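Good morning, and thank you for joining this session. I will take you through one protein structure, moving from a surface feature to the contacts inside.

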Amino acid sequence: MSSLKHPIADAVASIELVASRIETTFAQVGGQLGEGHGIFQGLNEALTDLARELSSAQIEGASGALRDIAGRLKNLADTLPAESALLDQLRGNVAEAGTLLKQLLKHVEMITTIARSARIESASLEGDREGFIAFTREAYDLGRTVQSSIEACVRDQQLLAAAVETTWGHQSEFERRYRPQLGASGGELMSAFSDLGRQRSDSVGVAELAGSSARTISEAVGRSIVSLQAGDSTRQRLEHVCEGLRRAADPEPTLVPEIVEVQPLPRLLVNLEAAQLQDAQQEFDAGIADIVRALSTILAEVATLVEKGRSLHGGREGGSASFLSRVRQTLAQASNLIAMCEDGGRSIDEALSVVENTLEKFRDAIANLSDSVVDISLIGMNAGLRAGHLGVKGRAFVVIAHEMKLTADQMTGAAIRLRPLLEEIGKVGDDLRKSRANSDQTNLTSMETAILHTLHDVEAGNDRLGGLIGRLIDEGSKFDAVMNGAREQMTSLGSSASALPTVANSLEEAGGDLGRPTFGDHDEAVLDELYARYTMERERDVHRTFLLPFGITTRQQAPAASDCDFELF
């Protein structure tokens with residue numbers, strides 16, 4: 001018997017050391033798993049809150065305002081060339097009108113000059129001299145009245161031309177300098193709108209991912225808990241192995257004198273426990289592998305969740321702040337551009353006001369001119385007819401009267417050319433007003449209000465989002481540390497348990513070849529006692545299978561599974 005005592009003692013010591021480590025490690029890993037699961041619940045809640053925050057009506061309203069502002073900036077950028085072109089057209093029309101007015105003024109001045117000449121000539125006529133003088137005075141007075149009116153129109157035209165020229169210059173310069181910025185700001189805001197849209201869309205996806213990951217992680221945690229509970233089963237099996245080995249080392253006292261040769265039963269027990277030990281180690285390795293896989297699954301799922309949450313709003317490295325800073329800067333630039341557009345718009349409005357007032361004066365002057373031209377023409381015709389009756393003495397007056405009529409006709413021609421030009425000026429002014437109606441001061445002011453409101457909405461939840469992201473990252477790191485620690489402990493425990501096959505081999509060597517031994521009732525009773533102590537069906541299967549070649553059948557009934565079968569893997 002002494003040949004078995006030392007190998008058995010060494011084996012028991014090694015097995016008990018592993019059992020002790022199993023008990024300690026599984027208790028620690030169980031605690032870490034519980035802690036990690038609690039952290040995950042917090043992570044899941046944080047991610048759900050984040051997704052809800054990013055898909056909220058507040059963000060949706062801010063997103064819509066950004067799109068609206070971007071659209072308006074684009075409209076402003078598109079309108080600038082059209083307004084500049086209209087102002088340029090108005091500038092040319094006003095200049096052309098000035099040319100026609102100056103021509104008309106020359107014709108009117110010619111009428112007054114002809115009227116003075118006619119007055120001088122009428123003084124030399126004989127017969128009805130006073131009548132001719134009255135004709136010429138009336139023509140002269142009409143000419144002076146028209147001349148005064150046209151001179152006023154010329155002055156007004158010069159003021160109008162200066163106003164239009166200034167407005168066109170400002171508008172052209174503004175378009176040249178700021179239209180690209182308007183387009184760029186609109187593009188930036190549309191990009192921000194798209195970013196918010198993607199965030200809202202991604203947040204829905206993350207919420208779904210969080211739900212799916214929660215199920216996956218819960219299943220993995222459940223499997224890990226089951227596998228961890230199985231650690232107690234392994235520990236019990238190792239205890240049963242040690243108990244069997246002690247029975248082999250210290251058989252019950254006998255009246256038969258001690259003999260050197262080891263009896264069959266102790267060697268049978270050593271080989272039986274070696275088989276139990278190998279089977280327990282194989283099952284234990286599978287259990288550890290299950291736990292490590294489950295922990296790896298949990299770590300991968302949580303890492304994906306944390307990374308997704310980080311990407312939603314930039315993480316802690318300033319992505320969120322950078323995004324909001326970019327939006328704020330773009331909105332501030334847009335606000336300044338809108339203010340400058342308002343100033344430019346007011347200049348256009350002032351020019352249009354001058355155009356409207358001046359056109360009204362021009363139309364009145366042309367209408368009065370038409371009446372005066374008719375009167376001047378009639379005066380000239382009547383004076384010419386009367387002078388024709390005077391024969392040779394009235395010939396000079398007839399020529400003067402004819403010149404007066406020709407000049408009056410020229411005035412009519414200039415007025416005819418001026419009318420459609422004035423209509424064109426009016427039409428261009430109307431087109432400009434329509435353009436201004438789409439971007440009047442009220443709309444621009446409301447845009448400014450929308451910008452400020454949008455900025456407030458975008459930034460309102462930033463602190464809360466930053467807190468959620470920080471929590472997500474911090475707890476994700478903590479979870480990673482806890483789960484990695486658990487995985488490392490399980491891996492280390494697996495390395496420790498890898499010594500069990502060596503122990504089993506040493507036991508098999510110590511037990512030696514059993515050959516064809518004979519066992520008595522007492523031996524079978526000992527084996528039945530061991531069988532009755534088993535708490536897992538796996539142990540009973542190994543026991544029955546091992547004894548079958550020796551013709552030993554277990555007579556002990558297995559306990560009910562509900563009472564003692566705790567095998568969990």
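Let me begin with a question: is Leu378 buried, partly exposed or exposed? Please keep in mind throughout that this is a predicted model. With a relative accessible area of 43%, Leu378 is partly exposed, because the partly exposed class covers values between 20% and 50%. Leu378 belongs to helix H5, which covers residues 319–388. Together with Val374 and Met381, Leu378 makes up a nonpolar patch on the surface. The accessible area of these three residues together is about 260 Å².

Let me now step back to the overall architecture. The protein contains 12 helices and 0 strands. Followed along the sequence, the pattern is accordingly α-α-α-α-α-α-α-α-α-α-α-α. The protein has 569 residues, and 45% of them count as buried.

I turn next to the charged side chains. As a general point, side chains of opposite charge can pair when their charged atoms come close. In this structure there are 20 salt bridges, and I shall discuss a few of them.

Consider Arg91 to start with. Its partner in a salt bridge is Asp88, and the closest N and O atoms of the two are 2.6 Å apart. Both residues are found in helix H2, residues 57–122, where 3 residues, about one turn of the helix, separate them. Arg91 is partly exposed at 27% relative accessibility, and Asp88 is also partly exposed, at 35%. Arg91 has a further contact to show us: its charged end sits over the ring of Trp168, 3.9 Å from the ring centre. Arg91 thus takes part in a salt bridge with Asp88 and in a contact with the ring of Trp168.

A second example comes from helix H3, residues 129–249, which holds both Glu239 and Arg235. These two residues are 4 residues apart, about one turn of the helix, and their side chains meet in a salt bridge of 2.5 Å, N to O. Glu239 is partly exposed, with a relative accessible area of 41%. Arg235, by contrast, counts as buried at 17% relative accessibility, because the limit for buried residues is under 20%.

The third example joins two helices. Which residue forms a salt bridge with Arg538? The partner is Asp279, with the closest N and O atoms 2.8 Å apart. Arg538 lies in helix H11 and Asp279 in helix H4, residues 264–313, so this pair ties together parts that are 259 residues apart in sequence. The two ends have their own surroundings: Arg538 is partly exposed, at 30% relative accessible area, while Asp279 is buried, at 8%. I would also point out a network of salt bridges that links Glu537, Arg540, Asp541 and Arg544.

We come now to the aromatic residues. In general, a pair of aromatic rings is described by the distance of the centres and the angle of the planes. How many aromatic pairs does a search of the whole structure find? The search finds 4. One of them joins Phe519 and Phe550 in an edge-to-face arrangement, with 6.4 Å centre to centre and 90° between the planes. Phe519 lies in the loop between helix H9 (500–511) and helix H10 (521–533), and Phe550 in the loop between helix H11 (537–547) and helix H12 (561–564), so the pair ties together parts that are 31 residues apart in sequence. Phe519 is buried, at 13% relative accessible area, whereas Phe550 counts as partly exposed, at 24%.

Another pair is formed by Tyr531 and Tyr534, also edge-to-face, at 6.0 Å centre to centre and 70° between the planes. Tyr531 is buried at 3% relative accessibility, and Tyr534 is likewise buried at 3%. Returning to the phenylalanines, Phe519, Phe546 and Phe550 form one aromatic cluster.

Finally, a word on the cysteines. A disulfide is a covalent bond between the sulfur atoms of two cysteines. How many disulfides does a search of the whole structure find? The result is 0. Among the cysteines, Cys153 is buried, with a relative accessible area of 4%, and Cys242 is buried as well, with 3%.

To close, I would ask you to keep two contacts in mind: the salt bridge between Arg538 and Asp279, and the edge-to-face pair of Phe519 and Phe550. Thank you for your attention.

Methods: Residues numbered from 1 in each chain as written. Predicted model: local features only at pLDDT ≥ 70, side-chain atom pairs only at ≥ 80, totals over all residues. Heavy atoms only, no water. Phe/Tyr/Trp six-rings, centres within 6.5 Å; stacked < 30°, edge-to-face > 60°. Buried < 20%, exposed > 50% of the residue type's maximum accessible area, 1.4 Å probe, protein only. Lys NZ or Arg CZ within 6 Å of the ring centre and 35° of its normal. Patch = residues over 30% accessible without salt bridge, like charges linked within 9 Å, V, L, I, M, F, W, Y side chains within 5 Å. Areas by Shrake-Rupley, 256 points an atom, 1.4 Å probe, with all protein chains shown as cover. Salt bridge = Lys/Arg side-chain N within 4 Å of Asp/Glu carboxyl O. Disulfide = S-S within 2.5 Å.
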